[in-house]
2 protein chains.
Amino acid sequence: MHSIFALKGHLIDCDHNKRTRFHPNSYLLIEQGLCVGTFAQLPDCYRHVPVIDYGDKIIVPGFVDLHLHASQYANRGLGLDLELLQWLEKYTFPQEGKFADLHYARTIYAAFCRELIRGAITRACIFATIHIPASLCLMDMLEQSGLIAYVGKVNMDCNCPDFLRETGAAQAAANTRQWLTEVADRNYRRVKPILTPRFAPSCSPDLLRRLGQLAQTQHLPVQTHLSENLDEVAWVRQLYPQSPHYAGVYAQFGLLSAHTPAIMAHCLYLQPQEQELLRQTGTFIAHCPSSNANLASGIAPVKRMLDAGIPMGLGSDIGAGHSMNLLGLTAQAVACSKLLQRQTAEESALSLEEAFYLATRGGGAFFGKTGAFSPGFAADVVTLDDSRIRLPGETLAQRWQKLFYLGDEREICAKYVAGTPIRLQA
Amino acid sequence: MHSIFALKGHLIDCDHNKRTRFHPNSYLLIEQGLCVGTFAQLPDCYRHVPVIDYGDKIIVPGFVDLHLHASQYANRGLGLDLELLQWLEKYTFPQEGKFADLHYARTIYAAFCRELIRGAITRACIFATIHIPASLCLMDMLEQSGLIAYVGKVNMDCNCPDFLRETGAAQAAANTRQWLTEVADRNYRRVKPILTPRFAPSCSPDLLRRLGQLAQTQHLPVQTHLSENLDEVAWVRQLYPQSPHYAGVYAQFGLLSAHTPAIMAHCLYLQPQEQELLRQTGTFIAHCPSSNANLASGIAPVKRMLDAGIPMGLGSDIGAGHSMNLLGLTAQAVACSKLLQRQTAEESALSLEEAFYLATRGGGAFFGKTGAFSPGFAADVVTLDDSRIRLPGETLAQRWQKLFYLGDEREICAKYVAGTPIRLQA
């Protein structure tokens, strides 16, 4: 690609107040992978830059998936008859155990990457499994794809089956250091490692401590699960009776702090002090409405937490969430928050504009200036041809709405990550 | 088609106990539009019948949509920022008003029918609008399609905008009789009329009485809305302070009785006596989980009502529901009932088997013996090629599950209604 070029079409993104901005028939100017800005007409000094004209198509920022498990791609849409802790034992752990076999891992991760590439997602924060070779295989494939991703080799050393248990905290931490070394040797441009203790119950205190030290000393980001399910919350309370709350467990080990960028998936049942801890430390919530319905976990009070200023994005949470279609997940976030509002008078519902914000700029913020077309933001772009779902006479705002309720990967006709076009099909 | 033939593939349907039956590599024998039965091997006496071999594909009964508004097809995925009563005023009534223009009606109904034909639905109960020419236009198109449908010209004579109000109960009833006459003249084979008072608030008591008499004297079925939204329920209580409950309003006018097949859409907030009235009269509930989330109506206690023996099926409720993909709606029924279970300890969740039952045999019962492959049932059949969504090594039960979570019209490769093949694309 040229180092400077423009995309023309109907541009739609969010401002920092979560309001949707419509720029019909406008230019998105991109230089060195960053947005220069949006223009109704190209300024004179840019009038010779190459323009890719998408005509009547819609151009939005790339979608960000803050939480999904690549290994569970093989389980998506399966085994959703149990709640979290039983579901892990019966379906998830056995599936993840198979990733000891690199050949199996390669097959599933290839299918996973094909679907990831084809959809609206440009960046993602991904759980692999405990296995180093399989995790590196996934990272290699993602690097190839052109997408930008954090990938975590999972850590777990207790409360899990033998075939998925790292043998002691010291060994688990050593595994992670070895993995980090191998990742560094590969000099990835787009894929970065993220520390990934599965969740408090499956990591010993010693392991959590070692991972916290690693996070702090090597300035590594962290992803894990927090307060997804009532039984899980009760279990953590049993395991850590001294801790003021679940988030406090991660905080006491240095895994949730202002010095460590971190993503906590789910966060349905946070106490006010936990919410405040997340806000103060700038810790991100990955809101996973589809997963939370499928596992009967409940509905996160996402509007309240968003209004409280907690950084937040959406997570498909494959495989408890069944779909990687983030357009549809955006609409589902709205629908679920309406059900929570109906159920609990003090909660209010997310607007579609706010959900669009979560799916793009909200989650994008974990990657820095990402998820909008503002000057200096990474040029992550999805171009959509909505002719399959539109009817004559619709306004641009209506076409935008329908994309979330009726759109999927069939509408996506081009995708750029940091200004680089992505090949949508292998 | 031959008067007797067989389809071969992996047959999956429900028994009357709502259990899913798997018949891998089996034959569905069809004679004169009815199922003769399923066979692992064709009996000798049938060994010369023509066989259409679908190989490794999955064959299920046709899906039944018990509640949708064809005119609102143009609004699907739009205007979901309000609750029911405000949504009707701002979005729905203005849209329905446009169907006074037959040219407009033809355009929208043609698009609606294209999508209906392409999807998993073989039978549906459809609201049109108050307009006779447009309603007949829709019925003509549906008759052409080969699908089987009940269609209702809507009645409303109060609490609605002038442009959508029939001028008085006598006129409204006369309109309906005129429409019924015109329908009778057309000698449709597959499309039948159904009386359609919009809902209690938009019909005067006099109109409800006249429609009830029509239902009773002409043995016509009825469809309407019941207990969708808390404000609506309160409004009906105001309008009919003497009535014991909302369902009682329809009952007092003969619109909900053992002599009248009827479908009540939604039924979220029924009192125990209302549920009992529905059960005793064999009145069907159209459960519309997507619509009920989109309009923040809430979640119907569908598992409890199903266990109580109330006849029930699924409704997409286009356009408050946004999608006509009944595969996805089946999964959403399960997800919503899990959220209700989480919220209310005394409710339990629907299994996927039960939701599949609702989507096929449950709703199909409104049409008689429909929605299963049992002997004597109408041969409504959908054949699915799941190669887009399956992974190697999946069992037939897993492939069946994934269809609901990940499938849509792309999986559908053939459809039969009462033994007659449907052309899926115009």
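Buried here means under 20% relative accessible area, and by that yardstick Y104(A), A105(A), I108(A), Y109(A), A111(A), F112(A), C113(A), L116(A), I117(A) and R118(A) of helix α2(A) are buried. Keep in mind that this is a predicted model. Chain A lands on chain B after a rotation of 180° with 0.0 Å of shift along the axis, at an RMSD of 0.0 Å. The two copies are thus related as by a two-fold rotation axis. Below is a quick tour of the pairing of the chains, the sheets, a few helices and some backbone oddities.

**How the chains meet**

- In chain A, the C-alpha nearest the axis belongs to Q343(A), at 3.7 Å from it.
- The copies meet through the same surface, because 100% of the interface residues of chain A are also interface residues in chain B.

**Helix α2 of chain A**

- This helix covers residues 102-118, so to speak a run of 17 residues, and reaches 24 Å from its first C-alpha to its last, close to the 24 Å expected at 1.5 Å a residue.
- An α-helix has 3.6 residues a turn, so residues three or four places apart point the same way.
- With that in mind, have a look at the buried set, which includes Y104(A), I108(A), A111(A) and F112(A).
- What covers the buried residues of α2(A)? The cover includes β5 (63-69), α1 (84-97), β6 (121-127), α3 (132-145) and β16 (412-417), which belong to chain A.
- At the start of α2(A), D101(A) puts a side-chain oxygen within 2.9 Å of the backbone nitrogen of H103(A).

**Helix α13 of chain A**

- Helix α13 takes in residues 396-406 of chain A and is mostly covered, with 9 of its 11 residues buried.
- The buried residues of α13(A) include the aromatic trio W400(A), F404(A) and Y405(A), as well as R399(A) and K402(A).
- L396(A), Q401(A), L403(A) and L406(A) are among the buried residues of α13(A) too.

**The 4-stranded sheet in chain A**

- This open sheet of 4 strands has the order β5-β6-β7-β9 in chain A, and its pairing is parallel.
- Its edge strands are β5 and β9 (191-193) of chain A, each of which pairs on one side only.
- From one strand to the next, the twist averages 20°.
- β5(A) and β6(A) run parallel and are joined by 5 bridges.
- For F63(A), the bridge partner in β6(A) is I121(A).
- Helix α11(A) packs on this sheet and touches β5 and β6 of chain A, with its direction at about 85° to that of β5(A).

**The 7-stranded sheet in chain B**

- Over in chain B, an open sheet of 7 strands runs in the order β3-β2-β1-β4-β15-β16-β17, with mixed pairing.
- The edges are β3 (34-39) and β17 (420-421) of chain B, and each pairs on one side only.
- Strands β1 (residues 4-14) and β2 (residues 20-31) of chain B run antiparallel and are joined by 10 bridges.
- A6(B) stands opposite L29(B) of β2(B).
- Helix α12 (residues 352-364) of chain B lies across β1, β2 and β4 (51-61) of chain B, running at about 140° to β1(B).

**Backbone oddities**

- Most residues other than glycine have a negative phi, and most peptide bonds are trans.
- Where does chain A have a cis peptide bond? The bond from I318(A) to G319(A) is cis, with omega near 0°.
- G319(A) is found in the loop between β14 (312-314) and α11 (326-343) of chain A.
- Chain B has a cis bond joining I318(B) and G319(B), with omega about 0°, and G319(B) is in the loop between β14 (312-314) and α11 (326-343) of chain B.
- C267(B) is not a glycine, yet its phi is positive at about 60°.
- The loop that holds C267(B) lies between β12 (262-266) and α8 (272-281) of chain B, and C267(B) is buried at a relative accessible area of 0%.
- A296(B) is not a glycine either, and its phi is positive at about 55°.
- A296(B) is in the loop between α9 (289-294) and α10 (302-307) of chain B, and at 4% relative accessibility this residue counts as buried.

**A379(A) and its surroundings**

- A379(A) lies in the loop between α12 (352-364) and β15 (381-384) of chain A.
- Is A379(A) buried or exposed? At 0% relative accessibility, A379(A) counts as buried.
- Leaving aside neighbours within four places in sequence, A379(A) is in contact with I30(A), G33(A), L34(A), C35(A), Y416(A), V417(A), A418(A) and G419(A).
- L358(A) is 21 residues from A379(A) along the chain, and their C-alpha atoms are separated by 17 Å.

How values were computed:
Residues numbered from 1 in each chain as written. Chains lettered and ligands numbered in written order. Predicted model: local features only at pLDDT ≥ 70, side-chain atom pairs only at ≥ 80, totals over all residues. Heavy atoms only, no water. Buried < 20%, exposed > 50% of the residue type's maximum accessible area, 1.4 Å probe, protein only. Helix = DSSP H or I, 4+ residues; strand = E, 2+ residues; numbered from the N terminus. Least-squares fit on C-alpha atoms with pLDDT ≥ 70 in both. Contact = heavy atoms within 4.5 Å. Expected span 1.5 Å × (residues − 1). Polar contact = N/O pair within 3.5 Å; in protein donor to acceptor, adjacent residues only side chain to side chain. Pairing = 2+ DSSP bridges. Axes fitted to C-alpha atoms, helices over the stretch in contact; angles between N-to-C directions.
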